[in-house]
Amino acid sequence: MAELRIENLAKTFGAVRAVEDFDLTVADGEFVTLLGPSGCGKSTTLGAIAGLEAPTSGRITVGRTVYFDASCGIFLPPEARNCGLVFQSYALWPHMRVRDNVAFPLSLRRVGKAERTRRIEEALALVEMERYADRYPHELSGGQQQRVALARTLVYRPEILLLDEPLSNLDAKLRDRARTWLAELRTRLGLTTIYVTHDQVEALALSDRIVVMNGGRIAQIGAPQEIYEHPADGFVADFIGTTNFLTGVVAGAPVTAGEIAVTLPGGQHVRLLTDKRPDSGATVTLAFRPEQMRIVAEGQGGPDGSVVRARVTSRSYVGGRWQLALDLGGSALRIDTEEPTNAPELDLWLPISGGILFPGPSHVSSP
Ligand SMILES: Nc1ncnc2c1ncn2[C@@H]1O[C@H](COP(=O)(O)OP(=O)(O)OP(=O)(O)O)[C@@H](O)[C@H]1O
Ligand SMILES: [Mg+2]
C-alpha cells in the first residue's frame with residue numbers, strides 16, 4: 001500500500017523559493033493533480049518526490065519508507081525509490097524498437113529473460129500498444145510514443161506514478177483522446193498518481209483531488225467540483241474555468257441579513273447573498289462563472305438577481321454559438337450566447353446567489 005506523505009516541504013534555488021510550506025497526503029490509489037501557472041513549483045515538487053531534487057527542508061514518506069527527511073539527513077537516491085516518472089518529452093531511444101525501449105528499465109534491474117518478456121507484453125497491453133512492439137519510435141505518432149513512454153515506466157511496477165505534463169506535446173485532438181484513455185487506464189491500474197499540468201480541463205477531468213499552486217505555495221486543495229464551485233480566492237477562481245470578475249464598492253448598510261449591494265463604477269448595483277461581512281465602502285470583487293450570467297430582453301428583470309447594462313466590445317463566432325466580450329463598469333467580461341446579436345449594449349442578469357465575493361480589487365484586468 002503506497003500512501004504518499006509530504007510534510008512541510010521547501011526547496012530554494014539561491015534566492016528563489018520554488019516550493020514552500022507544502023503539505024500533502026495522497027491516499028493509496030488516489031489521483032492527485034498539481035495545477036498552476038508556469039514557474040509555480042510543480043516540477044520541483046515532483047522532482048523532490050522522485051529524488052531528482054534534494055529539498056531544502058521537510059519530509060517525504062511512501063508507505064513506511066522514508067524517501068527524505070531533512071531533520072535526520074535521510075535522502076534516498078532516485079534508484080532506491082520506487083517511483084515511475086514520465087516527462088513531457090518522452091525521450092524514447094530512437095535506435096531501439098518499442099519492445100527494447102520497454103525492456104530497458106528491466107535490464108537495468110537485472111530481471112531474467114522469461115520474466116522480462118512476460119512483463120513487456122503486459123505493459124504494452126496495458127497501454128494498448130502490443131501490435132507495435134517491433135516498430136521504431138519514428139514509426140509511431142506522438143500519442144503512441146507517449147504510450148510507450150508510459151509502458152516503459154509501468155513495466156517495473158512503480159509504487160507511485162509521477163506524470164509531468166505527459167500530454168502537452170500532443171495536438172488538441174490527440175490530447176483529448178489521450179486524456180480519455182488515461183482516465184480509463186487510471187481506473188484499471190488504481191496506482192497512486194501525482195499528475196502535473198497547467199491545463200485546468202485536464203485537471204478537472206482526471207483528478208480525485210486538485211492541488212492549486214501559486215508562487216511555490218498551495219492555494220487550495222480539493223475535489224474538482226469543490227475547487228470549481230468554491231474557489232478559495234480570486235487566483236483559484238481565475239485559474240480554474242472561466243471567471244468573470246466585477247470590481248466595485250460595498251454600498252451602505254446590508255439590505256437584509258446575508259445580502260449586500262455592490263456599486264460598480266458608473267453607478268449600477270449588483271446584489272449578492274454572502275456570508276462575508278465586508279465594511280461599507282470597501283472595495284470588493286465579485287466572481288461569476290459565465291454560465292451563471294444570462295442575457296435578458298431589455299427592461300425585463302430576472303428572478304432573484306440583478307439586471308445590469310453592459311457594453312459589447314467584441315463578438316466572435318466559436319462554432320454553434322457566439323462569444324461576446326463585454327465591458328461592465330470598467331470590468332471586462334466574457335459570455336457565450338446562441339443568439340447572434342448586433343446590439344451595442346445588452347442587459348445581463350446576475351443571480352443573487354452563486355457569485356462569490358472576494359476582498360479587494362480583482363487581480364486580473366480582463367478575463
Ligand atoms: N535548477 C534551478 N535553478 C534555479 N531556479 C530553478 C531551478 N529549477 C527551477 N527553478 C525555479 O523554481 C521555480 C519553480 O520551477 P518549476 O520548474 O517547479 O515550475 P513549474 O511549476 O514546473 O513550471 P512549468 O509549468 O513552466 O513547468 C521557478 O521560478 C524556476 O525558475
Ligand atoms: Mg514544470
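**Close-up views of strand β8 and the shell around ligand 1**

**View 1. Strand β8 with its two covered faces.** Both faces of β8 are covered, with I160, L162 and D164 on one side and L161 and L163 on the other, all of them buried (20 or more other C-beta atoms within 10 Å of a residue's own, C-beta atoms being placed from the backbone). The strand, a DSSP run of E with at least two residues, spans residues 160-164, and five of its five residues are buried. In a regular strand the side chains alternate between the two faces of the sheet. This is a predicted model, in which local features need pLDDT of at least 70, side-chain atom pairs count only at pLDDT 80 or more, and totals for chains, interfaces and linings use all residues. Residues are numbered from 1 along each chain as its sequence is written, while chains are lettered from A and ligands numbered from 1 in the order in which they are written.

**View 2. The strands paired with β8.** Strand β7 (residues 83-86) pairs with β8 in the parallel sense over four bridges, pairing requiring at least two DSSP bridges between two strands; here L85 stands opposite L162. Strand β9 (residues 192-197) also runs parallel to β8, joined to it by five bridges, and T193 is the bridge partner of L161.

**View 3. The shell around ligand 1.** The residues surrounding ligand 1 include F13, K42 and H198, a residue being near if its C-beta atom, placed from the backbone, lies within 6 Å. Helix α1 (a DSSP run of H or I, at least four residues) gives the most to this shell, with three residues.

Technical notes: Buried ≥ 20, exposed ≤ 12 C-beta atoms within 10 Å, placed from the backbone.
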